[in-house]
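Colleague: Got a minute to walk me through this one? I'd like to hear how its parts fit together.

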Amino acid sequence: MFLRRLMIFSLTASLFCTVMPVQAADTIIRVGTLKLIHGITPYFYDKFTPKGYKVEVVPFETPTDGKNAVVTHSVDFGGYGLAAAVLGGAAGEPVVVISPMSNGGMGLVVSNKSGISSFKDLKNKRIGILTGSTQETVFLERLKSEGMTIKDVKPIRVSFSEMAGALERGDIDAYVGAEPGPSISVSRGIGKVLEYPYSTSVGSVNMVMTTHADTLKNNPEFVKVFLEIHRKASEYAMANRKELLEMANTKLGLPEDVASLAADNVKFVWRADDEWLQHCKNYGSLMLERKQIRRLPENDSFLVTNLGPH
């Protein structure tokens with residue numbers, strides 16, 4: 001009797017396995033981004049992820065953290081400032097820029113108590129700057145255009161998330177920050193935007209989307225799938241302001257008034273047009289001129305923006 005029951009159980013299990021095949025697991029797309037409103041696009045990826053794929057978003061505090069995650073394959077794709085990408089490419093790291101992510105999102109903010117009313121008033125003032133950031137390169141170029149150098153100010157290294165607080169405490173007189181920092185300072189009545197520093201030869205270029213060179217070489221179809229998701233999410237974030245503000249509140253904890261101010265200073269992009277590419281090249285040249293890098297990345301292998309939609 002026992003053997004008979006065992007045979008029936010085995011036959012039933014065999015039939016069940018035949019009619020109920022094991023489902024293949026989703027392909028995970030790991031995406032790194034910064035804790036900034038202009039890095040929020042990946043949180044909309046789920047709306048446009050095709051069947052068979054699943055997106056995991058990994059937030060980072062600094063651009064260097066994001067770049068290092070791409071280099072070490074901790075994420076498949078990483079969005080962060082162009083400066084960090086150029087620094088990696090120039091150092092021979094396998095970083096490839098595959099798409100724009102966002103433009104704007106910067107602000108030169110001064111304390112309302114500082115007495116600063118013009119750019120030249122920054123002389124001898126304590127300026128919060130994140131070393132190795134896009135903002136640093138842009139600020140150096142603005143200094144040059146005003147006949148000044150970094151020696152004319154007192155630079156203090158401050159992370160983006162700490163800048164508004166440092167200004168409020170009086171630790172610094174001004175900062176070259178990233179949203180939502182400028183909007184937080186303005187909404188609290190602590191500071192004012194002296195300027196949005198987009199008048200240089202790099203325009204408003206800021207965040208880029210990158211991947212590891214091996215990912216691009218070994219799995220270009222995977223990259224293409226991702227870039228289509230990125231395109232749709234970028235367009236959606238630009239076209240649906242209410243949902244953008246809600247996402248900024250959910251993921252970044254931003255009140256609506258702060259998020260709204262910050263959103264006015266951000267443009268989510270995905271198309272690598274000629275103007276954007278030229279701004280990127282100008283950016284690399286500025287970093288070389290400023291001796292932030294010793295050589296330029298090889299553009300043909302560093303800027304590979306022809307795989308995605310056009």
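Modeller: Sure. One term to start with: a polar contact is a pair of N or O atoms within 3.5 Å, and within protein one must be able to donate a hydrogen and the other to accept it. Also bear in mind that this is a predicted model.

Colleague: With that in hand, how many residue pairs are in polar contact between domain 1 and domain 2?

Modeller: The chain splits into domain 1, made of 26-103 plus 203-300, and domain 2, covering 105-193. Counting pairs between domain 1 and domain 2 with both residues at pLDDT 80 or more, you get 14.

Colleague: Which elements each supply at least two residues of the side of domain 1 that touches domain 2?

Modeller: That side divides into 16 nonpolar, 6 polar and 4 charged residues. Its suppliers of at least two residues each are strand E10 (205-212) and three helices: H3 (82-90), H10 (256-263) and H11 (274-289).

Colleague: And which side chain does Arg290 meet in a salt bridge?

Modeller: There are 2 salt bridges between domain 1 and domain 2. For Arg290, the N to O distance is 3.4 Å, and the cut-off is 4 Å. The partner is Glu141.

Colleague: Now the aromatics: is the Phe77 and Phe222 pair stacked, edge-to-face or tilted?

Modeller: A search of the whole structure turns up 7 aromatic pairs. In the Phe77 and Phe222 pair, the ring centres are 5.5 Å apart and the planes sit at 35°. Stacked needs under 30 degrees and edge-to-face over 60, so this pair is tilted.

Terms used:
Residues are numbered from 1 along each chain as its sequence is written. This is a predicted model: local features need pLDDT of at least 70, side-chain atom pairs count only at pLDDT 80 or more; totals for chains, interfaces and linings use all residues. Side-chain values use heavy atoms; hydrogens and water are left out. Domain bounds come from an automatic or database domain assignment. A polar contact is a pair of N or O atoms within 3.5 Å; within protein, one must be able to donate a hydrogen and the other to accept it, and residues adjacent in sequence count only if both atoms are side-chain atoms. Helices (H or I, at least four residues) and strands (E, at least two) are DSSP runs, numbered from the N terminus. Ala, Val, Leu, Ile, Met, Phe, Trp, Tyr, Cys and Pro count as nonpolar, Asp, Glu, Lys and Arg as charged, and the others, Gly among them, as polar. Rings of Phe, Tyr and Trp (its six-membered ring) pair if their centres lie within 6.5 Å; planes under 30 degrees apart count as stacked, over 60 as edge-to-face and the rest as tilted.
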